[in-house]
Amino acid sequence: MKNNYLLEGSDYVALKIKIDNIIELNKFNDATVSFYDLNECGLDSVLEDLDTYSFLSLKKVIIAKNISN
């Protein structure tokens, strides 16, 4: 679990740049990227995605936003 990050901020552009830098730094450019807005879906959806294997690539990036707890 060495590639876990928590980013907090209100500037969408700065967060997007940081996320892109992290993906590039860890060589996850070919990874499957999933975005979740926890205002629209539950944490169960994110956890289910974390628990499943990706069919198209060996690496997976999951980004969840609007986490309140």
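**A small core and a buried aspartate**

The largest nonpolar core here has five residues in all, and these are Ile-23, Phe-28, Ala-31, Val-61 and Ile-63. Before I go further, please keep in mind that this is a predicted model, and that the values I mention are computed from it.

Let me stay for a moment with one member of that core, Ala-31. If we leave aside the neighbours within four places in sequence, Ala-31 is in contact with Ser-57, Lys-59, Lys-60 and Val-61, and of these Val-61 also belongs to the core.

Now the chain as a whole. Its secondary structure consists of two helices and two strands, which, when you read along the sequence, follow the pattern α-β-α-β. The C-alpha trace spans about 30 × 25 × 20 Å along its principal axes, and of the 69 residues in the chain, 19% are buried. If we take the contacts between residues at least 6 apart in sequence, 59% of them join residues that are at least 24 apart. The accessible surface comes to about 6,100 Å², with 55% of that belonging to carbon and sulfur atoms.

As for charge, the chain carries 7 positive and 11 negative side chains, and the centres of these two sets lie 10 Å apart.

That brings me to Asp-49, which sits in helix α2, the helix covering residues 43-51. Is Asp-49 buried or exposed? Its relative accessible area is 13%, so Asp-49 counts as buried, the cut-off being under 20%. Not counting residues up to four places away in sequence, Asp-49 touches Ser-34, Tyr-36, Lys-60 and Ile-62, and Lys-60 is also one of the contacts of Ala-31.

Terms used:
Residues numbered from 1 in each chain as written. Predicted model: local features only at pLDDT ≥ 70, side-chain atom pairs only at ≥ 80, totals over all residues. Heavy atoms only, no water. Core = buried A, V, L, I, M, F, W, Y, C linked by side-chain atoms within 4.5 Å. Buried < 20%, exposed > 50% of the residue type's maximum accessible area, 1.4 Å probe, protein only. Contact = heavy atoms within 4.5 Å. Helix = DSSP H or I, 4+ residues; strand = E, 2+ residues; numbered from the N terminus. Areas by Shrake-Rupley, 256 points an atom, 1.4 Å probe, with all protein chains shown as cover. Lys, Arg positive; Asp, Glu negative; His and termini not counted. Charge placed at Lys NZ, Arg CZ, Asp CG, Glu CD.
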